[in-house]
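Dear colleague,

I am passing on the structure below, together with an account of what was found in it. Please keep it open beside this message as you read.

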Amino acid sequence: MNVALYGPVKNRWAMTERGKQAARRSATRFQVGPSSLEWTQNELHLSFDEVAVPRPPSEWAPTRIKGRVVLKPAALTNRIFSIDTKGDHRWWPIAPLADIGVSFEFGGTDWNGHGYLDCNWGMEPIETAFRDWDWARGVLPDGRALLLYDTRRNDGSEDCLALVYDGEGALSEWPAPSASPLKRGFWGITPKAHHDTGHEPVLVRTLEDSPFYKRSLVRTVIDGEPVELMHETLSGTRFASAIVKAMLPFRMPRRSGPAIGEVNGR
């Protein structure tokens, strides 16, 4: 269960890999270790109890992150998109608009706002199909959600999905606007963000910057409307590197053995 928290002063990031013995699944619930996801009366309830690694330099012990998220979708979509040429990789923007409430026992500040829910899955490793991709989501001034998904594949093909969601379950496709590169990250990842002609996207804040992945807040103008986007760039080429994969355990510790019901660091 990946938990990423971004604050004005410091961030929290937790993602522990666990073996299959730590997982339980039913039609409405998924649990891994002490954290879980569950659909309850058209709401998604997420309970998390994880440890932030690496810990902040000012703190002598690992930081426990424990709390609950309740996501209430405006409506669920029923469209699933193939994002490669063979149909081996799929993307489902389940709830492009949602209300969200977050409460903490440890490690964060309670808040309410708007949320988003999607799902990716594939029949092969992600680096097999994709050279890289850019994904972005934001809320337009009139309340509609904007989704952009650029894919550049290892077979040489490229595609861009540009979608608008009306809040009632309908997704509309439209021609994607131009895209320009943003500031290159420390590890060399260069995101590309969309914009209208005559406007340039602005990198507001870098949230994650890793050897194969970059997450940012981007401000731009699309279809004449100002919008702030959550923007993510993934490099399949970088992720395929043996050196990069050897670095993952430093950010994503691995645990073996029984983990259901365990309590992480105090």
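In what follows, a residue is called buried when its relative accessible area is under 20% and exposed when that area is over 50%, with partly exposed used for what falls in between. Please bear in mind throughout that this is a predicted model.

I begin with the charged side chains. Side chains of opposite charge can pair when their charged atoms come close. The count of salt bridges in the model comes to 16, and a few of them are described here with their surroundings. In one of them the side chains of Arg-144 and Asp-142 meet, with an N to O distance of 2.8 Å. Arg-144 has a relative accessibility of 30% and therefore counts as partly exposed, whereas Asp-142, with a relative accessible area of 52%, is exposed.

A salt bridge also joins the side chains of Asp-159 and Arg-153, at 3.9 Å from N to O. Here Asp-159 is partly exposed, at 38% relative accessibility, while Arg-153 is buried, with a relative accessible area of 7%. A further salt bridge links Arg-219 to Glu-228, whose closest N and O atoms are 3.6 Å apart; Arg-219, at 44% relative accessibility, counts as partly exposed, and Glu-228, at 40%, counts as partly exposed too. Salt bridges with shared partners also connect Arg-131, Asp-132, Asp-134, Arg-152 and Glu-158 into one network.

On the surface there is a nonpolar patch formed by Phe-186, Trp-187, Ile-243, Met-247 and Phe-250, which together have about 630 Å² of accessible area. Of these residues, Phe-250 lies in helix α3, which covers residues 242-251, and Phe-250 is exposed, with a relative accessible area of 69%.

Turning to the interior, the largest nonpolar core has 25 residues, and those with the most contacts inside it are Ile-83, Trp-91 and Tyr-149. At least two residues of this core come from each of the strands β10 (89-106), β12 (130-139), β13 (145-153) and β14 (158-165), and the same holds for α3. If residues up to four places away in sequence are set aside, Tyr-149 touches Ile-83, Trp-91, Asn-120, Trp-133, Asp-134, Trp-135, Asp-159, Cys-160 and Leu-161. Two residues met earlier are therefore among its contacts, namely Asp-159, which is partly exposed, and Asp-134, which belongs to the salt-bridge network. Apart from the largest core lies another, of 19 residues, among them Leu-44, Ala-52, Leu-71 and Ala-98.

Finally, some words on the chain as a whole. The protein chain contains three helices and 21 strands. Its radius of gyration is 19 Å, close to the 18 Å that the globule rule gives for 266 residues, so the chain is as compact as a globular protein of that length. The C-alpha trace spans about 50 × 45 × 40 Å along its principal axes, and buried residues make up 45% of the 266 residues. Among contacts between residues at least 6 apart in sequence, 51% join residues that are at least 24 apart. The chain exposes about 14200 Å², of which carbon and sulfur atoms supply 54%.

With kind regards

Methods: Residues are numbered from 1 along each chain as its sequence is written. This is a predicted model: local features need pLDDT of at least 70, side-chain atom pairs count only at pLDDT 80 or more; totals for chains, interfaces and linings use all residues. Side-chain values use heavy atoms; hydrogens and water are left out. A salt bridge is a side-chain nitrogen of Lys or Arg within 4 Å of a carboxyl oxygen of Asp or Glu. Buried means under 20% relative accessible area, exposed over 50%, partly exposed in between (1.4 Å probe, protein chains only). Patches are made of residues with over 30% relative accessible area and no salt bridge: like charges are joined within 9 Å, nonpolar side chains (Val, Leu, Ile, Met, Phe, Trp, Tyr) within 5 Å. Accessible areas come from the Shrake-Rupley method with a 1.4 Å probe; for residues, only the protein chains shown count as cover. Helices (H or I, at least four residues) and strands (E, at least two) are DSSP runs, numbered from the N terminus. The radius of gyration is taken over C-alpha atoms; the globule rule is 2.2 Å times the number of residues to the power 0.38. Contact means heavy atoms within 4.5 Å. A nonpolar core is a set of buried Ala, Val, Leu, Ile, Met, Phe, Trp, Tyr and Cys residues joined through side-chain atoms within 4.5 Å.
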